[in-house]
There are 2 protein chains.
Amino acid sequence: MYMRRLFFFALSLSSLIANAQQEDSIFIKRISDEIFINGKAYDNLHELTKTIGGRLSGSPQMVMAEQWGLKTMQQSGADKAWLQECQVPHWVRGGKDEATATVNKKKTKLNVLALGNSIGTDGKKLNAGVILVNSFDDVEAKKDELKGKIVFYNYKFNPTFVSPFQAYGDAVRYRGQGPSRAAKYGAVAVIVRSMSHGMNNYPHTGATRYDSAYAKIPALAIGLRDADWLDEQLKKAAVTISLKTNAHFLADTTGHNVIGELTGSEFPDQYITVGGHLDSWDPAEGAHDDGTGVVQTMEILRTFKALGYKPKHTIRFVLFANEENGLRGGTKYAEEAKSKKEKHIFALESDAGGFTPRGFGFNATDEQVSKAQKWSILLAPYSGGTLVKGGDGADIGPLQRTFNMPAAGLNPDPQRYFDYHHAANDVFENVNKRELELGAINMAALIYLVDKYGL
Amino acid sequence: MYMRRLFFFALSLSSLIANAQQEDSIFIKRISDEIFINGKAYDNLHELTKTIGGRLSGSPQMVMAEQWGLKTMQQSGADKAWLQECQVPHWVRGGKDEATATVNKKKTKLNVLALGNSIGTDGKKLNAGVILVNSFDDVEAKKDELKGKIVFYNYKFNPTFVSPFQAYGDAVRYRGQGPSRAAKYGAVAVIVRSMSHGMNNYPHTGATRYDSAYAKIPALAIGLRDADWLDEQLKKAAVTISLKTNAHFLADTTGHNVIGELTGSEFPDQYITVGGHLDSWDPAEGAHDDGTGVVQTMEILRTFKALGYKPKHTIRFVLFANEENGLRGGTKYAEEAKSKKEKHIFALESDAGGFTPRGFGFNATDEQVSKAQKWSILLAPYSGGTLVKGGDGADIGPLQRTFNMPAAGLNPDPQRYFDYHHAANDVFENVNKRELELGAINMAALIYLVDKYGL
């Protein structure tokens, strides 16, 4: 009898689970149909990239993007929408960066771009001999030769990592620390091989960080074809480079996070945050980085409203300020949440490009990850069923560390991201409408599941 | 004691399996490193697409491509390589296809492309009123109005299917059967909405098939923006179209499959076939369809030679002739295999584009699919771990039906394929090097596993 009861209990439990899963499956299909049929993400991305374009912190385009974000958040159906003020750094490129190499008296123009936060050359041309280094070990080995020279870091993206994000993690220290580690030994400027596998010649910018112990020196990224060419020349002959950049900082200025809210029906004072960052580097349109995250975020809001979905918890849709060179938006959001004693239960970020989603990475406990992995069967039909431990996002990092709650990041297919990242070809035309929409579908589905079941 | 023996047996069996899997994992990593570091697939694709371009059966480019294929097969390290002759159809476009719509006396040029196998307009312009139909049901409903008219099939790709291949399967009957089903009721030509989600305006060609019971009438594809425009006009006013195409058939001519072989060390008379098709439609470079399958096929050969891998079975690398409008290459390959009483144990095809692989689809028994699925853990790190029942490829179809052996097709991410399929933008620039290489890595790994363990 006992066995029989247990059996019936188990049966009814599993049919309850089956019913719930069927209900979820049906709702996620409705999300998918709504986004594939009536989606606005692609049109919104077109507007953001083509009418505003690059929108670095402090730029006039930043202000335009904030106003556009607020308007689009309202049009997407937010119960309330507002701007959250924060101070942001104001670095400007100040015109076109230039570099010309001279080899055996022959001059060749190089395709370069000052790294974000770099200082400039004081309106003058800086001329110096070039020293090739392939690693920081190489810097140490050649430390006595660096004084008065331009150091050329030619560390390559490792092709054997299946994910280019691993290659980026491996190589990006040369962009971050390269200038100061060369300045330590008297170098006058650095040129850094772009962080990319892509074999076009676009230089890829991105933030560098000066170590205050050493002199600040100008730092430029160079396109891959020019990097290979320069490497080739340096094996045969002495090379001098004449370079110029007007990069400099102005005083910090006022920027804003754009926030929209759907008020929770059961737990209005418990928050789920989903977002991407609104700022982007100046040489491009900031399409994959991170226009796609921005429009996916608002697409989830639009979809929930279109389907009449009333979340149990309050959902915050956030377009973060200043991810690229300061993280002031994400920091401000966490500080205000803390000072207002808000309760945050989950956060999700999309900042790895608008490519076909593969799944999500979770910064969460093993138990929470296991719970999320049970949803894999619901997301797999939409290409996002690979749920793994590890990952979230830069902007939601301060929030996650403040509240120690679970957080996640969308993991799209990673192969093309660094072809475009921080380079002039990060434009609308390189985003595929359906890949972008599939990302929004999976994000909306995950938010729905977390809202319904918690994590 | 019995239990204990069983336990030890199970233990040693599982450690044997673990050892074998570790060995396989190491070898597949060597495949991956070889292709990512020394890969030739991307350069080979550049050569094929940029020096030869479109290579429809019977064209001079077909002959060039065959010679290029033979040379590249030899350079990739084939023990033997040869051309296998077959007769192929020889359809030609005969110049630029044209169509101009007249609405309220205003003329508008349309972006059109004759469907493959279409007849032409005898050097004249064909003028007629246009009737919009959205389905074959619509054809039946309007059958009394079609006489002397141009029928415009505006059936759309269904956006709610997650895989565009499903939308293609749903819509492509209008390209295949549309002309004859309109001719049945006296239509004089058809214009078919292109088989694509992509919202640019490239018309997408592809084979149509005339039903010999009805008159053959000219058939053209139209770009999506023009299709939407035409649909819009037809809601408001009468539209006439003047169209011209010089499409026609010449006599069948001689084409060839390009075949390379690595001779098996244990079972030289048992064959594993891997291939893609060499022919491609004329308006483009045939990059994703199927230049990528062609160069991936030869990349597997090059990699096995570079790693010193000696297969147990003989592996055939085949660049098939005439997939697009006749399948004569695949048919010939199967016929000769049958007449020579060869033993074929497996075949693999890549003809769904050079995008990031997701896995393979198998035309095989449940037992064989289950066996293959145990390899998922080995392929997943390379993005190809989703192994499903269902699928193989057009070219290996005749072989599979002749020998009733297991066959499989590479399943890349499907979202972008129909943006380029049979259209002018199917060019080298739209192929990503690493996505292409990942496909070759997974294909090489699967061939290695089947060669080692059978299926």
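1. Is B:Leu399 buried or exposed? B:Leu399 counts as buried, because 28 C-beta neighbours sit inside 10 Å; the cut-off for that label is 20 or more. The residue belongs to helix H12 of chain B, which covers residues 397-403. Leaving aside residues up to four places away in sequence, B:Leu399 touches B:Thr273, B:Tyr333, B:Ala334, B:Ala337, B:His344 and B:Ala347. B:Leu132 is another matter: 267 residues separate it from B:Leu399 in sequence, and the C-alpha to C-alpha distance is 41 Å.

2. Status of the coordinates. This is a predicted model. Its scores are ipTM 0.93 and pTM 0.94. Chain A has a mean pLDDT of 96, with 96% of its residues at 70 or more. The weak stretch is residues 1-8 of chain A, where pLDDT is below 50. Beyond near neighbours in sequence, that stretch makes zero contacts in the model.

3. Overall build of chain A. The chain holds 14 helices and 16 strands. A compact globule of 455 residues would have a radius of gyration near 23 Å; chain A comes out at 24 Å, which agrees. Along the principal axes, its C-alpha atoms fill a box of roughly 90 × 45 × 40 Å. Of the 455 residues, 55% count as buried. Take the contacts in chain A with a separation of 6 or more: 83% of them join residues 24 or more positions apart.

4. Symmetry. A turn of 180° with a shift of 0.0 Å along the axis lays chain A on chain B, at an RMSD of 0.0 Å. That is the relation of a two-fold axis. The interface fits this picture: 100% of the interface residues of chain A are also interface residues in chain B, so the copies meet through the same surface.

5. Interface make-up. Each side is counted separately: 18 residues from chain A and 18 residues from chain B. On the side of chain A that touches chain B, helix H1 (2-38) and H14 are the elements that give two or more residues. H1(A) supplies the largest share, four residues. By class, this side of chain A divides into six nonpolar, seven polar and five charged residues.

6. Helix H14 of chain A. What span should its 21 residues have? At 1.5 Å a residue, residues 433-453 should cover 30 Å, and the end C-alpha atoms are 30 Å apart, which agrees. Burial is also clear: 19 of the 21 residues are buried, so H14(A) is largely enclosed by the rest of the structure. H14(A) also gives two or more residues to the side that touches chain B. After the helix comes A:Gly454, with a positive phi near 70°.

7. A loop residue to inspect. Where is A:Asp351 placed? A:Asp351 is in the loop between strand E13 (343-349) and strand E14 (357-363) of chain A. A:Asp351 is buried, with 22 other C-beta atoms within 10 Å; the label needs 20 or more. Not counting residues up to four places away in sequence, A:Asp351 touches A:Gly276, A:His277, A:Asp290, A:Gly293, A:Gly393 and A:Ala394. A:Asn411 lies 60 residues from A:Asp351 in sequence, and their C-alpha atoms are 8.7 Å apart in space.

Conventions: Residues are numbered from 1 along each chain as its sequence is written. Chains are lettered from A and ligands numbered from 1 in the order in which they are written. This is a predicted model: local features need pLDDT of at least 70, side-chain atom pairs count only at pLDDT 80 or more; totals for chains, interfaces and linings use all residues. Copies are superposed by least squares on the C-alpha atoms of residues with pLDDT of at least 70 in both. Two residues are in contact if their C-beta atoms, placed from the backbone, lie within 7 Å. pLDDT is the predictor's confidence in each residue, from 0 to 100. The radius of gyration is taken over C-alpha atoms; the globule rule is 2.2 Å times the number of residues to the power 0.38. A residue is buried if 20 or more other C-beta atoms lie within 10 Å of its own, exposed if 12 or fewer, and partly exposed in between; C-beta atoms are placed from the backbone. The expected span of a helix is 1.5 Å times one less than its number of residues. Ala, Val, Leu, Ile, Met, Phe, Trp, Tyr, Cys and Pro count as nonpolar, Asp, Glu, Lys and Arg as charged, and the others, Gly among them, as polar.
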